[in-house]
Amino acid sequence: MRNNADGTFTDITFVAGLGLDENGMGQTVGDYNNDGRLDWYVTSIYLPANGWTGNKLYTNLGADQYSENSVAAGVDEGGYGWGAVSVDFNHDGLLDLAETNGDNDHFQQFINEQSYLWMNNNDGTFTESAIAAGMTHFGKGRGMVTFDYDNDGDQDVVIFANNEPLTLFRNTVVESGATDANWLRVLLNTTGSKTLAPDGFGARVFVTASINGKSQTLMRVISTGDTFESSSEISAHFGLAAADIITELRVEWPDGTVTIRANVPVNQTLTIYAGANPADLNGDGVVNGADLASLLIEWGTNGDADLNTDGIVNGADLAILLTNWTD
């Protein structure tokens, strides 16, 4: 539904090349080919005998046009599809796909159907790798979410099922010691703005870095509308391969404003603030030595420099200030 900017919408589903899924249930959005446009993956039942052709991958061509290429990409056959997520699981700079599914008793062939993990091959195709990667789940999967529960930098997976135990899969790509598994996790804070939604909902986050030998710009959108009856961590997570510095981090806020950070170190969780930056302790519009001096004066107290509101000004607050340094 294209927004006409006058309070009305126009249905362009079929002229855009969409709406080909017979019984879509879950969905996820991401830039799978790193061209700066958001693509769309929809889960649907794969049962050709009933005319149900399975999951759909709509590649965004721009100008409100999409190409459906799930078969060519190898991601059409996902059983009785439900929840789905888009995450760079192995930190190679490419978004991968995961899906959970299963049926109760309508179709015997989908009972104890496995969950799927499709790893991005960077050529328009994906390789199914769930069992090989240790994401072994057979059952009546419904919702699937990702979040970094152990704060190690990679995204972990939770699957919840119909009348079955919840399952947590811990991603160990960072603990593997690989030298090409760098990352950045960006959280957005809009408490200083009266017009932006909480957590930066609707914002787009871009990082530019040298990934796999060439400068690339990766894009993530802050959204809670993915998957099925569940919501993943509200963050922008980037796998960066062997990149050791981000030349530019750019946040495009829904109100049209832009925040830019240059030469950002990798392997950290970074909070970017919209509106008034709490690290700007003297309110002069920049975070610099003057703010650092204010923080040091309040060290050990619960003053205004308690940026993480834990009751004391200490090294954690210093780290937040330095992360937001602008001068």
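**Exercise 1. Determine the volume of the largest cavity and describe its lining.**

Solution. The largest cavity has a volume of about 370 Å³. A cavity is a set of points, on a 1 Å grid over the protein atoms alone, where a 1.4 Å probe fits but cannot get out. Grid points are joined across faces, edges and corners, and a volume is the space filled by probe spheres set on the points. The search of the whole structure yields one cavity of 30 Å³ or more.

The lining comes next: 25 residues line this cavity, and Val-29, Ser-86, Val-221, Asp-226 and Ser-235 lie nearest its centre. Two or more lining residues come from each of β3 (27-30), β9 (81-87), β18 (214-221) and β19 (236-241). Lining residues have an atom within 4 Å of a point, and strands are DSSP runs (E, at least two residues) numbered from the N terminus, as are helices (H or I, at least four). By class, the lining of the largest cavity has eight nonpolar, 13 polar and four charged residues. Here Ala, Val, Leu, Ile, Met, Phe, Trp, Tyr, Cys and Pro count as nonpolar, Asp, Glu, Lys and Arg as charged, and the others, Gly among them, as polar.

The model is predicted: local features need pLDDT of at least 70, side-chain atom pairs count only at pLDDT 80 or more, and totals for chains, interfaces and linings use all residues. Residues are numbered from 1 along each chain as its sequence is written, and side-chain values use heavy atoms, with hydrogens and water left out.

**Exercise 2. Describe the largest pocket and the second largest pocket by volume and lining.**

Solution. A pocket is an open set of points with protein on both sides within 12 Å along at least five of seven lines. The largest pocket holds about 600 Å³ of space. Its lining comprises 18 residues, with Met-1, Arg-2, Leu-18, Asp-64 and Tyr-66 nearest the centre. Strands β1 (2-3), β4 (39-42) and β7 (56-62) each give two or more residues to this lining. The classes are 10 nonpolar, four polar and four charged residues.

The second largest pocket holds about 270 Å³. It is lined by 15 residues, of which Phe-89, Ala-133, Arg-170, Asn-171 and Thr-172 lie nearest its centre. Strands β11 (116-120) and β14 (156-161) each give two or more of them. Eight nonpolar, five polar and two charged residues make up this lining.

**Exercise 3. Which residues are in contact with Asn-60, leaving aside its neighbours within four places in sequence?**

Solution. Asn-60 belongs to strand β7. Asn-60 counts as buried because its relative accessibility is 12%, where buried means under 20% relative accessible area, exposed over 50% and partly exposed in between (1.4 Å probe, protein chains only). Its contacts (heavy atoms within 4.5 Å) are Asp-35, Arg-37, Leu-38, Asp-39, Gln-65 and Tyr-66.

**Exercise 4. Where do Asn-151 and Thr-309 lie, and are they buried or exposed?**

Solution. Asn-151 is in the loop between β13 (141-147) and β14, and its phi is near 55°, a positive value in a residue other than glycine. With 55% relative accessibility, Asn-151 counts as exposed. Thr-309 is in the loop between α3 (289-297) and α4 (315-323). Its phi, near 50°, is likewise positive in a residue other than glycine. Thr-309 is exposed, its relative accessible area being 67%.
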